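Subject: Handover of a structure and notes on its helix packing and internal space

Dear colleague,

Please find below the structure that I am handing over to you. My notes on what was found in it follow directly after it.

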Amino acid sequence: NKEQSNSSDKKEVKQANGEGEKGEGETETKQPESVDLSGFSFSLNPDVFSGQQPQTAEEKAEWESDEKQVRTVCTYLTDDVIPRLVHDFQEGDVGFPMDGQSLVRDMHKRGINARYLGEMAQKCSGQEDKRLQALKQLSQQEMVGRAFKHVCNNYLKQIPPCFAQSVVSHLLNCLLGTEMNAKPVAEVDEELKELYQGEDFSFEQVTPETLRTELKRQVALRYRYDLTDNFVQKGKEIQMLREICLKIGFQLEAKEYQFSKDSLKAPQSLQEKASSESLAPPQTNGVHPEGSSSKSKSKKKKADRSPNREASTPSPTLPPQTFHADNVLNIVPIVKEASPRSILAEEALDAGRMSIQQDQKDLGQELLLESLSLHEQIYGILHPEVARVYYALSTLYYGLDEKNAAVELAKKAVIVSERTLGIDNSETILAYLNLSLMEHATGNTRAALAYTRHAMDLWKLVYGSRHPDSITTINNAAVMLQTLKQFKESRMWFESSLQICEDVAGKNSINTATLLFQYAQSLALDHDSRQAVQKMKESYNIFREKLGPQNQNTKEAETWLETLTHSAVNQAKQAQQATAALLQNRRLFMRGGGRGQRMAVGGARPPPPAAAGAGAGGSVEGVRAARDNGLPGSMDQRSLDEIVKYINGEGGKQTTPKKGTRNPKRRQQKPTA
């Protein structure tokens, strides 16, 4: 590549110096530049540092030349390629890796081998940038996982397969379960052990200290990096366990593993019973409660004798440890293979992209469909390469405003990625996030939020909380909630995104200013004008300091600040006017109430009490009956039941009324029970 660039530079210099000038009357014609690769040859000797000794003088000279070329390439790799990759991770030019597998894949795309993980960690050491600190922790996690693979394989080679569960569970306890039990004990069947007298059971003597020493030695040997004592970060035990299982092929029981004594669950006897069992009377001296059927007893016996329950429940004699031998279900082989790639299908995809960039949409779509057809025919439908093509095509069709086709391709990318790469693979998570954006663009915002939430849950499982690139995803979810007019929930998502951004990028960064700008808008939609003005002012100050007063972002923030300030002032005035009106109405009400009270005191006849009218149903007969009972002031003192009976005509002792005074309508009513 360097020779090609040098030759092209020489041609340009010759043309600039006037070499090969034509006559004045001749027309200058530009010929396309062509590079002759027939004589180009570049290769490195992979065995130059393998310990071989050249014999002849010619072999020694060739050996020295090969060694010099390899050292030159390695210097270029460590001084230029790796720092450039670290810089891209720091600036966000490329996606930040989620786990060790995605980190190694990004390294391989730049031509960096996995043995340079130590160099990556050293480039990030001593840096205050949060993204570089996260990259360093991820590199250390990958190195520890790879070193543990070699240590575990050495012990598994020396032991019969029937003891593999004991080896795996004990080594995992020594690495991840030290907070639960500082001195884990290997669970080995002694009767089975007696049948293998000549085997090496040295794994039983492994302690957390000896395992750490061996891991340090492996990392220093393979990656030239000195590990600190903090091998596993607190709170990321699940992520380390996942990395180890993927590298060695462990299949563990699906349960919630406890890595510390604080998270230890209560025993079964102290847990809550079912609602039906909690209401049943206790059993005493073998006497069963009445009403219990033999069918329910047989079900309970069958449930207690279930083999799954017996296998999942550890023996009470076992010490409290994170992993037990029964938790290790299987060890599957991990096969590394290099799938052949179709150059023709990739060339068709690249040609389609170039045609779309040159505004040749019809030709570009034909080439894209041709590339998709070639990928499906060569690899088959269920293949990771086909999933990547679906992902790329969905993005391209979205740019062409073919949103329905983009959604269909994004769904296919999710399905194929889950089937071929796994549900928790980083590419599957990105496919879910891409699908959520496509669904939101087509107006299906609720489904987009569901996909985003699912992707966030998987993201937390793979990496943990507070991933540097999760800021954009949380921000997108907040915008979707604004579309649904759920302003309160949107405000909470913006707050979470802002917290992570301030922790990762700093409080005075441009990214933080952008999020403050959007957060202020969400506060304004939630009718919190005072805090919206405050956040918009912070955003404006950061933009003015970082970008200058003439920048477009600064001017836009200033315009929004003036608008929000004016709105806040108007709202404050309206609130004051509403408060003043409320106080005035209250004073008028109090004045009106005072005049009514003086009129009653001055000798005016007060209105009749409501109880009299309510008790007699508002009729003349009710008032007259109250008077006949000898009640003072026409106030009925009977109970409510007696009044109801009287209304329904069920009174015990009723006075005989005079003729002509009975209500004719009430006479025709029939008594009701």
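How are α9 and α18 oriented to each other: roughly parallel or roughly perpendicular? The model is a predicted one, and in it helix α9 (residues 237-248) packs against helix α18 (residues 445-462) at an angle of about 80 degrees. Their axes lie 7 Å apart. Angles of 65 to 115 degrees count as roughly perpendicular, and α9 and α18 are therefore roughly perpendicular to each other. On the α9 side, Ile238, Gln239 and Arg242 make the contact, and on the α18 side Lys460, Leu461 and Val462 do so. By class, this contact of α9 with α18 comprises three nonpolar, one polar and two charged residues.

Two further helix pairs were examined.

The first is helix α6 (residues 164-176) with α8, which spans residues 208-223. For α6 and α8 the packing angle is about 85 degrees and the axes are 9 Å apart. The pair α6 and α8 is therefore roughly perpendicular as well. Leu171, Cys174 and Leu175 of α6 meet Pro208, Leu211 and Leu215 of α8. The contact of α6 with α8 has six nonpolar residues, with no polar and no charged ones.

The second is α2 (57-91) with helix α5 (residues 130-157). The axes of α2 and α5 come within 8 Å and cross at roughly 120 degrees, and the two helices are therefore oblique to each other. The crossing in which α2 passes α5 is right-handed. From α2, Val86, Phe89 and Gln90 take part in the contact, and from α5, Arg131, Leu132 and Leu135. The contact of α2 with α5 divides by class into four nonpolar, one polar and one charged residues.

I now turn to the empty space in the model.

The second largest pocket holds about 1,200 Å³ of space. Its lining is made up of 34 residues, and those closest to the pocket centre are Val70, Thr72, Val73, Cys74 and Leu77. At least two lining residues come from each of α1 (2-17), α2 (57-91), α4 (117-124) and α8 (208-223). Among the contributors, α2 gives the largest share of this lining, with 10 residues. Thus α2 both lines the second largest pocket and meets α5 through Val86, Phe89 and Gln90. By class, the pocket lining contains 16 nonpolar, 11 polar and seven charged residues.

Closed space is also present: a search of the whole structure finds two cavities of 30 Å³ or more. About 60 Å³ of space lies in the largest cavity. The residues that line the largest cavity are Gln137, Gln140, Gln141, Phe231, Val232, Gln233, Lys236 and Met240. The largest share of this lining, three residues, is supplied by α5. In terms of class, the lining of the largest cavity has three nonpolar, four polar and one charged residues. Helix α5 therefore appears in two parts of these notes, crossing α2 at an angle for which the pair is oblique and contributing to the lining of the largest cavity.

Yours sincerely

Methods: Residues are numbered from 1 along each chain as its sequence is written. This is a predicted model: local features need pLDDT of at least 70, side-chain atom pairs count only at pLDDT 80 or more; totals for chains, interfaces and linings use all residues. Side-chain values use heavy atoms; hydrogens and water are left out. On a 1 Å grid over the protein atoms alone, a cavity is a set of points where a 1.4 Å probe fits but cannot get out, and a pocket is an open set with protein on both sides within 12 Å along at least five of seven lines; lining residues have an atom within 4 Å of a point. Grid points are joined across faces, edges and corners, and a volume is the space filled by probe spheres set on the points. Helices (H or I, at least four residues) and strands (E, at least two) are DSSP runs, numbered from the N terminus. Ala, Val, Leu, Ile, Met, Phe, Trp, Tyr, Cys and Pro count as nonpolar, Asp, Glu, Lys and Arg as charged, and the others, Gly among them, as polar. Axes are lines fitted to C-alpha atoms, for helices over the stretch in contact, and angles run from 0 to 180 degrees between N-to-C directions. Angles under 35 degrees count as roughly parallel, over 145 as roughly antiparallel, 65 to 115 as roughly perpendicular and the rest as oblique. A crossing is left-handed if the near helix is turned anticlockwise from the far one by less than a right angle, and right-handed if clockwise. Contact means heavy atoms within 4.5 Å.
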